[in-house]
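The paragraphs below go through one protein model, from its confidence values to its charged pairs, cysteines and surface. Please keep the sequence and the structure in view while reading.

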Amino acid sequence: MTDSTRSTRPFRRDGPTWFLYLVLAVFGFQQSVLGSTLPFLRAEFGYDPIQVGWHFTSYAGGLVASGLLGGWLLPRLGLGPLVRGAAVAMVLAVLSITQARGFAGTLAAAIAMGLTGGVLQSAVQAGLAWHQAEHRDMAMVEAFIFAGAGVFSGPLLVGQLAAAGIPWRWTLLAAALALALVLPLPAPAGRPAPAAASGKPSRGGVPLAVALCWGSVLLGIGAEWGIGFWGAQFLESRLGLGPAQAVSLMSVFFGGTVFGRIVSSRLLVRFDGRNMLMAVILLGGGAILALWASSMPSATIAALALAGMCLGNFFPLLISNAIRLEPDHVGLISVGATQAVGVSLLVVPIALGYIGQVAGLVNAIGMLVILPLLMAAACLAAGYRHALPHKA
């Protein structure tokens with residue numbers, strides 16, 4: 001099976017490509033805002049742990065709902081106006097949490113952040129797939145390097161400026177300032193064909209490759225954020241660390257996601273994206289298994305770093321592979337994948353917590369190895385189904 005989108009022409013990062021990269025970096029910062037500001041909101045409004053948890057649930061619910069809105073907007077707006085409009089709306093949603101008062105207000109801000117951020121993410125993913133069709137794998141992975149850098153910078157910026165005496169509400173103006181610097185860059189022009197842009201299934205239904213992509217994204221995000229949400233508590237149990245040490249050590253995992261995407265973007269110059277996807281799935285499963293099995297600090301840290309490097313590549317490579325198989329359903333893939341992220345964030349961390357209560361958190365983390373195995377089976381099934389000759 002050959003990949004018709006591969007080209008001997010060099011990858012060119014033009015103005016619209018940089019625009020999409022940098023907008024996604026602002027989106028990454030937005031992703032980290034809720035976790036960075038909830039400690040301040042909890043202290044100010046006296047939220048209990050259940051109320052804090054509802055904010056993350058509301059954000060994930062907004063991501064799920066964004067699929068309906070994004071699917072409606074993609075075929076109706078030019079790509080440039082949609083990305084710009086969604087980015088402005090997302091930053092306004094970030095700033096709204098600085099003015100919210102009480103539980104209902106901050107909950108509404110969390111929903112708005114998930115909704116607007118999900119629309120933006122879907123539009124950027126689709127824009128990269130259309131604008132860099134010949135180098136889609138590399139463009140998608142590079143874009144999520146910028147998203148990861150945004151996620152990494154959020155807590156660092158908010159925490160350090162707050163420690164310096166600057167009110168946390170003022171620190172969120174960084175999102176508006178960053179977007180103001182990005183918006184003058186040229187955006188992708190034109191409006192995609194309605195059939196390609198639509199986020200709705202065609203009359204023939206959802207292609208199997210697209211459905212398997214959605215399922216794989218749900219599994220991959222579950223594995224990534226299962227460790228992201230519960231990793232610190234896992235390290236406390238496995239290595240006997242205190243909370244501060246365990247939280248600090250999680251920077252190895254999140255830093256690994258960014259570093260892994262950098263490495264992947266370089267390897268994609270020489271290797272096919274399908275082979276890269278299968279490699280990171282299998283290595284990611286092995287890293288989770290090693291994380292569960294090891295009790296030595298050095299081996300645990302190494303497994304944590306490898307898990308971050310592999311799991312962080314799941315999402316961009318899965319989307320790119322699905323678009324390779326079904327290039328006429330870019331909008332459907334992008335919107336549905338973003339919804340799958342929301343569903344995964346709603347279900348998997350909570351399910352992992354319940355399993356941890358029964359089997360122990362260390363064993364619950366070890367059970368995450370099942371998810372990459374299911375992903376590998378789904379990807380192989382999608383490729384096999386697509387390779388079958390279609391009946392006339």
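A residue is called buried here when its relative accessible area is under 20%, exposed when that value is over 50%, and partly exposed in between. This cut-off sorts the residues discussed in the following paragraphs, beginning with the cysteines.

The model is predicted, and a search of the whole structure finds 0 disulfides. C213 takes part in no disulfide, and the nearest cysteine sulfur, which belongs to C379, is 8.2 Å away. A disulfide would need the two sulfur atoms within 2.5 Å. The relation holds from the other side too: for C379, also in no disulfide, the nearest cysteine sulfur is that of C213. C379 has a relative accessible area of 11%, so the residue counts as buried. C213 is likewise buried, because its relative accessibility is 5%.

Confidence varies along the chain. The mean pLDDT of the protein is 84, and 91% of the residues reach 70 or more. Among the elements, helix α13 (residues 297-311) has the highest mean pLDDT, 94, while helix α8 (residues 194-197) has the lowest, 50. Residues 1-6 stay under 50 in pLDDT, and the model has 14 contacts for them beyond four places in sequence.

The charged side chains come next. Side chains of opposite charge can pair when their charged atoms come close. With a cut-off of 4 Å between a side-chain nitrogen of Lys or Arg and a carboxyl oxygen of Asp or Glu, the count comes to 6 salt bridges. One of these pairs is R324 with D137, whose closest N and O atoms are 2.4 Å apart. R324 belongs to helix α14 (residues 314-325) and D137 to helix α5 (residues 136-163), so this salt bridge ties together parts that are 187 residues apart in sequence. R324 is buried, because its relative accessible area is 9%. D137 also counts as buried, at 9% relative accessibility.

Helix α5 takes part in a further pairing between distant parts of the chain. The side chains of E142 and R266 meet in a salt bridge, with 2.9 Å from N to O. Here E142 lies in helix α5 and R266 in helix α11 (residues 251-267), and the two residues are 124 apart in sequence. The partners fall into separate accessibility classes: E142 is buried, with a relative accessible area of 6%, whereas R266 is partly exposed, at 44%. The pair is part of a network of salt bridges that links R13, E142 and R266. Another salt bridge joins the side chains of R274 and D272, at 2.8 Å from N to O. Both of these residues are buried.

What surrounds I227, beyond the residues up to four places away in sequence? I227 touches M250, F253, I288, L291, L304, A307, L311 and L368. The residue sits in helix α9 (residues 208-239). Its relative accessibility is 1%, so I227 counts as buried. From I227 to V347 the C-alpha distance is 14 Å, for a separation of 120 residues in sequence.

Two other residues give further distances across the model. H329 is found in the loop between α14 and α15 (330-359). H329 is buried, because its relative accessible area is 16%. The C-alpha atoms of H329 and V369 are 30 Å apart in space, and the two residues are 40 apart in sequence. A112 is found in helix α4 (residues 102-131). At 26% relative accessibility, A112 counts as partly exposed. A112 and F19 are 93 residues apart in sequence, with 23 Å between their C-alpha atoms.

The surface is the last stop. I355, M367, I370 and L374 make a nonpolar surface patch of about 330 Å². Of the patch members, L374 is found in helix α17 (residues 370-387). L374 has a relative accessibility of 43%, so this residue counts as partly exposed.

Definitions and conventions. Residues numbered from 1 in each chain as written. Predicted model: local features only at pLDDT ≥ 70, side-chain atom pairs only at ≥ 80, totals over all residues. Heavy atoms only, no water. Helix = DSSP H or I, 4+ residues; strand = E, 2+ residues; numbered from the N terminus. Buried < 20%, exposed > 50% of the residue type's maximum accessible area, 1.4 Å probe, protein only. Contact = heavy atoms within 4.5 Å. pLDDT = per-residue confidence, 0-100. Patch = residues over 30% accessible without salt bridge, like charges linked within 9 Å, V, L, I, M, F, W, Y side chains within 5 Å. Areas by Shrake-Rupley, 256 points an atom, 1.4 Å probe, with all protein chains shown as cover.
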